[in-house]
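Please open the structure in a viewer and keep the selection tool at hand. The tour below proceeds stop by stop, stating what to select and what is found there.

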Amino acid sequence: IDEEHRFGVRQKELLKAMRAEVDVLTLTATPIPRTLSMAMEGLREFSIISTPPQKRLSIKTFVNNYSEGIIREAVLREFNRGGQVYFLHNDVDTILSMKEKLEKLIPEARIEIAHGQMRERELERVMHDFYQQKANILLCTTIIETGIDIPSANTIIMNRADMFGLAQLHQLRGRVGRSHHQAYAYLLIDPDRKISGHAQKRLEAIQLLEDLGAGYYLAIHDLEIRGAGELLGLNDHEALMEMKEELVDRFGVMPEQTQSLISFHDLRIYIQHLDIKKIDASDSTIQISFASDSKIDPLKLIKLLSNDKRCRMNGPDKIKIAVTIGDILERVKFIKDFLNKIFET
């Protein structure tokens, strides 16, 4: 399955159901949070290809307020070296008026429009003309997100970039820089519209991680921003234990990965009412981040910090515990016991 991030869970399950026993290899520059979470929890094998093609350069990425000056400068810089430009405007209803604006702003441009509501033959003609360099700006929607490889197009301008997901931004940015030329990506946001906190984080991540092979690290950011979703569908400890019993009854002794998954989920259920924002647990350190209004018993916390030298505050809302626990199940048990000691009951 190529471009795995384009498929939903149901679609992938349908593909697997076509054969009783089938090996599945999925490829993507940006795994979705659920897939990445399963890989990190050991449920799926995972490998990274991080060697770029020879002479390939990383794409220079800029986040700016929408500005006609920036657009004209970026486009003319590309034209002056004989290149082409993608201008992404993901609204079919206003794409014609956007074309008129660009024609007034850049009279030198030869603009073609491409979007998913066009007739197949017309869309084919437009893409052929752009590939043959009969047009030098392709004004388009996210229809170009995958499968487009035009080496002479090395600048992309994305209008209202805050409306796209992190994987989308990375995939769209990847439409340029497909030769040895330096490529540029301009992510434009509306200065008169307040963007959400999540959108701000996405834009910061895509600008920060512009190196080749950054897709994995962007996916990690995406996982942190959006969360992994729910793998088991479950809400309470009793239902989880019932599932565990059923799995053992049907399939015998659980492998280590399944035990870990059940244990992780049990911890998620345990902390869902404790106002905990995040738990980072390695085999040598555990760090727990709390919400500002969490119901920690301050007296219990002070007593614990005084008595247990492994524990210390790491900022106003984080506790860091220096403890070596290699076994995942033991680590989860330690975290639950620790939280029991400091929360009001």
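Begin by selecting aspartate 236, which sits in the loop that runs between helix H8 (215-226) and helix H9 (237-251). The model on display is a predicted one. With a relative accessible area of 34%, aspartate 236 is partly exposed.

Which residues gather with Asp236 in a patch of negative charge on the surface? Add Glu238, Glu242, Glu245 and Asp249 to the selection, and the patch is shown in full. Asp236 can belong to this patch because its relative accessible area of 34% satisfies the requirement of over 30% for patch residues.

The next stops concern salt bridges. How many salt bridges does the count come to? The total is 16, and several of them are visited here.

Select aspartate 308 together with arginine 310. Their side chains form a salt bridge in which the closest N and O atoms are 3.0 Å apart. Is aspartate 308 buried or exposed? Aspartate 308 is buried, at a relative accessible area of 15%, whereas arginine 310 is partly exposed at 38%.

Proceed to aspartate 162 and arginine 160, whose side chains also meet in a salt bridge, at 3.3 Å from N to O. Aspartate 162 has a relative accessible area of 7% and is therefore classed as buried, the limit for that class being under 20%. Its partner, arginine 160, is partly exposed, with a value of 22%.

Now select aspartate 317 and lysine 277, a pair joined by a salt bridge of 3.8 Å, N to O. Aspartate 317 belongs to the loop between strand S9 (311-313) and strand S10 (318-322), while lysine 277 is part of strand S7 (residues 276-281), so this contact ties together parts that lie 40 residues apart in sequence. Aspartate 317 is partly exposed, with 24% relative accessibility; lysine 277 is exposed, with a relative accessible area of 59%.

For a group rather than a pair, select Glu112, Glu122, Arg125, Asp129 and Lys134. A network of salt bridges links these five residues.

The last stop is glutamine 200, located in helix H7 (residues 197-208). Glutamine 200 is partly exposed, its relative accessible area being 35%. To conclude, draw a distance from the C-alpha atom of glutamine 200 to that of arginine 110: the two residues are 90 positions apart along the chain, and their C-alpha atoms are separated by 33 Å.

Technical notes. Residues numbered from 1 in each chain as written. Predicted model: local features only at pLDDT ≥ 70, side-chain atom pairs only at ≥ 80, totals over all residues. Heavy atoms only, no water. Patch = residues over 30% accessible without salt bridge, like charges linked within 9 Å, V, L, I, M, F, W, Y side chains within 5 Å. Areas by Shrake-Rupley, 256 points an atom, 1.4 Å probe, with all protein chains shown as cover. Salt bridge = Lys/Arg side-chain N within 4 Å of Asp/Glu carboxyl O. Lys, Arg positive; Asp, Glu negative; His and termini not counted. Charge placed at Lys NZ, Arg CZ, Asp CG, Glu CD. Helix = DSSP H or I, 4+ residues; strand = E, 2+ residues; numbered from the N terminus. Buried < 20%, exposed > 50% of the residue type's maximum accessible area, 1.4 Å probe, protein only.
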